[in-house]
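Okay, everyone, thanks for coming. I'd like to walk you through one structure today, starting with the inside and ending with some odd backbone spots.

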Amino acid sequence: MQNLLSFGQLRIDARLACLREKAKSGRDPSTPDETLNYLLYTIQTLRPSRILEIGTGEGLSGAAMLFAAKDARLTSIECVEERFFTAKKNFADLGLSIRADLIFGDAGEVLPHLNGAYDLIFLDGPKAQYLNYFPCLKALLRSGGVLFADDVLLYGWVDGREPMPAKRRPLVEKIRAYLRAVLEDPDFITSVLPLGEGVAVSVRL
Ligand SMILES: C[S@@+](CC[C@H](N)C(=O)[O-])C[C@H]1O[C@@H](n2cnc3c(N)ncnc32)[C@H](O)[C@@H]1O
């Protein structure tokens, strides 16, 4: 099944596909095909005007979202300088700079200064901080909007499918706490899906 899933059916700009291929060997690779596919499907149904991303990386998921939502603007936060500048260049090369507001900084410091309301938030930054970011993200999301959090099952460690290395327990417990918070929050309907390293899709009521 894993092989079938990783086939994906990603239909994206050829230049972007090429950049994603190159990024696969990097330390923080871009979102896998099956996850990005579902994110783009969510975009097609939601038709967002304002998208917020935590964890720009090299800008490849952000670019895919902007290609899928032709009228949307993206605000994206990245704290590693080299990635921030690579993302800036990638958005420029792909002709998307005009719709991308890239912010260099620590998401924990940037988020409290943003103003809502976003239609879609793609949470793909530091996993240990998801729960800390949650109150801010909730305040920034319009009702009917979607909070799409990546890597929430982390190699099957979070849901116990695979044994976790002892040293990863603190991180796993933090992700579990995030999942509990969104699943128990009466203002959200959340589905946890086994795509890539796991996604939690939370719809704000
Ligand atoms: C998985 S990568 C993002 C990949 C990108 N969203 C994509 O799919 O192409 C996670 C990114 O979050 C960034 N990051 C980690 N901690 C952060 C923080 N506290 N604030 C902002 N960005 C952070 C990392 O530098 C890294 O580039």
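So, when I say nonpolar core, I mean a set of buried Ala, Val, Leu, Ile, Met, Phe, Trp, Tyr and Cys residues joined through side-chain atoms within 4.5 Å. And keep in mind that this is a predicted model.

Right, the largest of these cores has 32 residues. Who touches the most other members in there? That would be L52, I54, L111, I121, L123, L137 and Y178.

Where does the core come from? Two or more residues each are supplied by β1 (50–54), α6 (107–110), β4 (118–123), α7 (130–140), β5 (141–150) and α8 (169–184). The top contributor is α8, with six residues.

There's also a second, separate core, this one of 31 residues, including L36, L39, A64 and L120.

Let's zoom in on L123. Skipping neighbours within four places in sequence, L123 is in contact with I54, Y130, Y133, L137, L147, F148, A149, D150 and Y178.

Now the backbone. Most peptide bonds are trans, and most residues other than glycine have a negative phi. Here's what goes the other way. The bond from G116 to A117 is cis, with omega near 5 degrees, and A117 sits in the loop between α6 and β4.

Then we have two positive phi values in residues other than glycine. R47 has phi near 50 degrees, in the loop between α3 (33–46) and β1. Is R47 buried or exposed? Exposed, because its relative accessibility is 68%. And Y155 has phi near 55 degrees, in the loop between β5 and α8.

Technical notes: Residues are numbered from 1 along each chain as its sequence is written. This is a predicted model: local features need pLDDT of at least 70, side-chain atom pairs count only at pLDDT 80 or more; totals for chains, interfaces and linings use all residues. Side-chain values use heavy atoms; hydrogens and water are left out. Buried means under 20% relative accessible area, exposed over 50%, partly exposed in between (1.4 Å probe, protein chains only). Helices (H or I, at least four residues) and strands (E, at least two) are DSSP runs, numbered from the N terminus. Contact means heavy atoms within 4.5 Å.
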